[in-house]
Amino acid sequence: DYYHAREHLNELVLAVAPVEEDQDPLLEKWIKWLDDDKVLWIVEDIGSRLPRSGKRRTKAKLEREYFRKNAERMKYSTFKEKGYFVGSGVIEAGCKTVVGKRTKQSGMFWRVTGAQNILDIRCAVIGDTFDGYWVDWNQKVLIELAA
């Protein structure tokens, strides 16, 4: 999510800019690029700033790889324009509501398949798509019985 990406930027700045007065301008530039869907610009810029050796170089390369691998998932401006959430808080709250309230009650023990089945139903009920889910589920059962 966006906030984790910002944490990674902070780590990256510490790795490539050990002089404190160089850190803020660099961080501001990279945050702007992150906010403008230009993550690969950050990756490119890191290349010219890598320390020559040591732990800071290792850390910078690790962080560069994080941004390179996840660039497609870091189009935060585009996501915001489409009305998507870019933080994980909404997802975490949803998991607590959907998963926790249905599968983590006292005395419950689940296998993965059983938990997945009950969570599918729970999501269909919460999402107001239960009727369609039920029709699809019944069709699958009928096909399995006919086989």
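Let me start with one residue: Glu11 is partly exposed, with a relative accessibility of 35%. Hold on to that name, as we'll come back to Glu11 in a moment. Before that, please keep in mind that everything here comes from a predicted model.

So what does Glu11 do with its side chain? It forms a salt bridge with Lys59, where the closest N and O atoms are 3.9 Å apart. Lys59 sits in helix α4, residues 54-70, and Glu11 sits in helix α1, residues 2-16, so this pair ties together parts of the chain that are 48 residues apart in sequence. Lys59 is itself partly exposed, because its relative accessible area is 28%, and partly exposed covers the range between 20% and 50%.

Now, Lys59 has another partner. Which residue is it? It is Glu63, and here the closest N and O atoms are 3.0 Å apart. This time both residues lie in helix α4, four residues apart, which is about one turn of the helix. If you have the structure open, follow helix α4 from Lys59 to Glu63 and you have gone about one turn. Is Glu63 buried or exposed? At 4% relative accessibility, Glu63 counts as buried, because buried means under 20%. Put the three residues together, and Glu11, Lys59 and Glu63 are linked in a network of salt bridges.

Let's move to another pair. The side chains of Lys29 and Asp45 meet in a salt bridge, at 3.1 Å from N to O. Lys29 belongs to helix α2, residues 20-35, and Asp45 to helix α3, residues 39-47, and the pair links distant parts of the chain, 16 residues apart. Lys29 is partly exposed at 30% relative accessible area, whereas Asp45, at 12%, counts as buried. How many salt bridges are there by this rule? The count comes to seven, and the ones I have walked you through are among them.

Next, something without charges. Phe85, Val90 and Ile91 make a nonpolar surface patch of about 330 Å². Ile91 has its place in helix α6, residues 89-103. With a relative accessibility of 56%, Ile91 counts as exposed, because the cut-off for exposed is over 50%.

Now let's step back and look at the whole chain. What is it built from? There are eight helices and zero strands, so if you read along the sequence, the pattern is simply α-α-α-α-α-α-α-α.

And the overall dimensions? Along its principal axes, the C-alpha trace spans about 65 × 35 × 30 Å. The radius of gyration is 23 Å, while a compact globule of 147 residues would have one near 15 Å. Of those 147 residues, 26% count as buried. The accessible surface comes to about 10700 Å², and 55% of that belongs to carbon and sulfur atoms.

One last number, about contacts. Take the contacts between residues at least 6 apart in sequence: 50% of them join residues at least 24 apart. The Glu11 and Lys59 pair, whose parts are 48 residues apart, is a nice one to look up on your screen.

To wrap up, start at Glu11, cross to Lys59, and go on to Glu63, and you have traced the network of salt bridges. Then turn to Phe85, Val90 and Ile91 for the nonpolar patch. Thanks for listening!

Note on methods. Residues numbered from 1 in each chain as written. Predicted model: local features only at pLDDT ≥ 70, side-chain atom pairs only at ≥ 80, totals over all residues. Heavy atoms only, no water. Patch = residues over 30% accessible without salt bridge, like charges linked within 9 Å, V, L, I, M, F, W, Y side chains within 5 Å. Areas by Shrake-Rupley, 256 points an atom, 1.4 Å probe, with all protein chains shown as cover. Salt bridge = Lys/Arg side-chain N within 4 Å of Asp/Glu carboxyl O. Helix = DSSP H or I, 4+ residues; strand = E, 2+ residues; numbered from the N terminus. Buried < 20%, exposed > 50% of the residue type's maximum accessible area, 1.4 Å probe, protein only. Rg over C-alpha atoms; globule rule 2.2 N^0.38 Å. Contact = heavy atoms within 4.5 Å.
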